[in-house]
Amino acid sequence: MAFPAGFGWGASTAAYQVEGGWDADGKGPSVWDTFTHQGGERVFKNQTGDVACGSYTLWEEDLKCIKQLGLTHYRFSLSWSRLLPDGTTGFINQKAIQLDKVNCKIYCLWSLLDNFEWIQGYNSRFGLFHVDFEDPARPRVPYTSAKEYAKLIQNNGLEEHP
């Protein structure tokens, strides 16, 4: 069965898992930054989201991945603590607005998916692209699932028959 004309194919991100740049450009600490920086046995191998997938600096690579998949929609997630560093609307990070062209008045995204993913036990291997966390360049390599998703999008949901 084909999807209707104009069907939107998409993907989404969750800020803490992909963003990185944890203290760049005036960003304040998030709850997760504070939690993971306390150390000890709280987090597997004392990992933090300080760099994560590095999307804050490698956004052009992410755009290439989006294009490679053939997506028509992408739900971008940016940390609230980047926009509101002290956790209130009393101070809006002007550097984020000027550099990132963020319009805080219409920025009303909430990363619900990350909560569902954490509850279900997903880890850093989940997703459409593998990110090599050992390589500072954080290269993106498509998983088989990404290739299959791209085929599905190209064929408008129709199965390919050999």
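## Helix α3 and its surroundings

Lys64, Lys67 and Gln68 are exposed residues on the face of α3 that is turned away from its buried side. The model described here is a predicted one.

On the other side of the picture, Asp62, Cys65, Ile66 and Leu69 are the buried residues in α3. Viewed along the helix axis, these buried residues fall within an arc of 100°, so they line one face of α3. An α-helix has 3.6 residues a turn, so residues three or four places apart point the same way.

Gln68 has its place in helix α3. With a relative accessible area of 51%, Gln68 counts as exposed because the cut-off for that word is over 50%. Leaving aside residues up to four places away in sequence, Gln68 touches Phe129, Pro142 and Ala150. Gln68 and Ala146 are 78 residues apart in sequence, yet their C-alpha atoms are 9.1 Å apart in space. Just after α3 comes Gly70, which takes a positive phi of about 80°.

**The nonpolar core**

Which residues make up the largest nonpolar core? The core has ten residues: Trp9, Cys65, Ile66, Leu69, Leu71, Phe129, Ala146, Tyr149, Ala150 and Ile153. Two helices, α3 (59-69) and α7 (144-154), each supply at least two residues of this core. The largest share, four residues, comes from α7.

**The whole protein**

The protein contains seven helices and four strands. Their order along the sequence is β-α-α-α-β-α-α-α-β-β-α. Of the 162 residues in the protein, 29% are buried. The exposed area of the protein is about 11000 Å², and carbon and sulfur atoms supply 60% of it. Taking contacts between residues at least 6 apart in sequence, 68% join residues at least 24 apart.

**Cysteines**

How many disulfides does the structure hold? The number is zero. A disulfide is a covalent bond between the sulfur atoms of two cysteines. For Cys53, the closest cysteine sulfur is that of Cys65, at 9.9 Å, which is too far for a bond. Cys65 is likewise in no disulfide, with the sulfur of Cys53 as its nearest cysteine sulfur. Cys53 is buried, at a relative accessible area of 12%. Cys65 is also buried, at 10% relative accessibility, and belongs to the nonpolar core described above.

**Ser30**

Ser30 is found in the loop between α1 (15-18) and α2 (31-36). Is Ser30 buried or exposed? At 15% relative accessibility, Ser30 counts as buried, because the limit for that class is under 20%. A polar atom of the Ser30 side chain lies 3.3 Å from the backbone nitrogen of Trp32. Not counting residues up to four places away in sequence, Ser30 touches Tyr16 and Ser81.

The table lists relative accessible areas for four residues discussed in this report.

| Residue | Relative accessible area | Class |
|---|---|---|
| Cys53 | 12% | buried |
| Cys65 | 10% | buried |
| Ser30 | 15% | buried |
| Gln68 | 51% | exposed |

Definitions and conventions. Residues numbered from 1 in each chain as written. Predicted model: local features only at pLDDT ≥ 70, side-chain atom pairs only at ≥ 80, totals over all residues. Heavy atoms only, no water. Core = buried A, V, L, I, M, F, W, Y, C linked by side-chain atoms within 4.5 Å. Buried < 20%, exposed > 50% of the residue type's maximum accessible area, 1.4 Å probe, protein only. Contact = heavy atoms within 4.5 Å. Areas by Shrake-Rupley, 256 points an atom, 1.4 Å probe, with all protein chains shown as cover. Disulfide = S-S within 2.5 Å. Polar contact = N/O pair within 3.5 Å; in protein donor to acceptor, adjacent residues only side chain to side chain. Arc of directions from axis to C-beta.
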